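The report below describes how the helices of one protein chain are arranged and how its aromatic side chains meet. It is best read with the sequence and the structure side by side.

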Amino acid sequence: VPVRLSRPVAEKKLGGVCAGFARYFDVDVTLMRILWLAAAILTGGLGALVYIAAWIIMPKDEPAPAQQPAAIRAA
């Protein structure tokens with residue numbers, strides 16, 4: 001099953017972008033956050049703009065049925 005690039009709701013710190021990319025590339029999320037921060041600093045803020053764009057573009061993970069509120073499951 002191919003991994004889908006999306007923002008995980010449960011693993012996020014800010015927007016979930018780094019956690020989504022870490023899962024997609026199968027690397028540690030802390031390493032991805034450090035790389036993203038370095039990219040933001042070394043590119044003069046371009047990395048931060050790309051992060052914001054990814055936050056807007058990347059879809060959120062759909063919660064598992066057990067995590068959905070009871071009113072939604074009953075519908």
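## Helix packing and the aromatic cluster

In this predicted model, Val17, Cys18 and Phe21 of helix H1 are in contact with Tyr51, Ala54 and Trp55 of helix H3. By class, the residues of this contact are 6 nonpolar, with no polar and no charged residues among them. The two helices involved, H1 (residues 17–25) and H3 (residues 46–57), pack at an angle of about 80°, and their axes are 9 Å apart. Because angles of 65 to 115 degrees count as roughly perpendicular, H1 and H3 are therefore described as roughly perpendicular to each other.

The setting for this contact is a protein chain with 4 helices and 0 strands, which reads along the sequence as α-α-α-α. The protein chain has 75 residues, of which 24% count as buried. It exposes about 5,500 Å², and carbon and sulfur atoms supply 69% of that area. Among contacts between residues at least 6 apart in sequence, 42% join residues at least 24 apart.

Helix H3 also packs against helix H2, here at an angle of about 125° and with the axes 5 Å apart. That angle makes H2 oblique to H3. On the H2 side the contact is made by Trp36, Ala39 and Ala40, and on the H3 side by Leu46, Gly47, Ala48, Val50 and Tyr51. These residues divide into 7 nonpolar, 1 polar and no charged.

The two helix pairs are set out together here.

| Helix pair | Angle | Axis separation |
|---|---|---|
| H1 and H3 | about 80° | 9 Å |
| H2 and H3 | about 125° | 5 Å |

Turning to H1 itself, which of its residues are buried? They are Val17, Cys18, Ala19, Gly20, Phe21 and Ala22, and what covers the buried residues of H1 includes H2 and H3. Of these buried residues, Val17, Cys18 and Phe21 also take part in the contact with H3. H1 is followed by Asp26, a residue whose phi is positive, near 55°.

The aromatic side chains give a further view of how the helices are joined. The structure holds 5 aromatic pairs. One of them is formed by Tyr24 and Phe25, which meet edge-to-face at 5.1 Å centre to centre with 85° between the planes. Tyr24 is partly exposed, with a relative accessible area of 40%. Another edge-to-face pair is formed by Trp36 and Tyr51, at 5.7 Å centre to centre and 80° between the planes. Trp36 lies in helix H2 (residues 29–42) and Tyr51 in helix H3, so this pair ties together parts of the chain that are 15 residues apart in sequence.

Are Trp36 and Tyr51 buried or exposed? Since buried means under 20% relative accessible area, Trp36 is buried at 16%, and Tyr51, at 12% relative accessibility, likewise counts as buried. Tyr51 appears in the contact of H3 with H1 and in the contact of H3 with H2.

Ring pairs link Phe21, Tyr24, Phe25, Trp36, Tyr51 and Trp55 into a cluster. Within that cluster, Phe21 of H1 and both Tyr51 and Trp55 of H3 are also residues of the contact between H1 and H3, while Trp36 is one of the H2 residues that meet H3.

Methods
Residues numbered from 1 in each chain as written. Predicted model: local features only at pLDDT ≥ 70, side-chain atom pairs only at ≥ 80, totals over all residues. Heavy atoms only, no water. Axes fitted to C-alpha atoms, helices over the stretch in contact; angles between N-to-C directions. Parallel < 35°, antiparallel > 145°, perpendicular 65-115°, else oblique. Contact = heavy atoms within 4.5 Å. Nonpolar A, V, L, I, M, F, W, Y, C, P; charged D, E, K, R; others polar. Buried < 20%, exposed > 50% of the residue type's maximum accessible area, 1.4 Å probe, protein only. Areas by Shrake-Rupley, 256 points an atom, 1.4 Å probe, with all protein chains shown as cover. Phe/Tyr/Trp six-rings, centres within 6.5 Å; stacked < 30°, edge-to-face > 60°.
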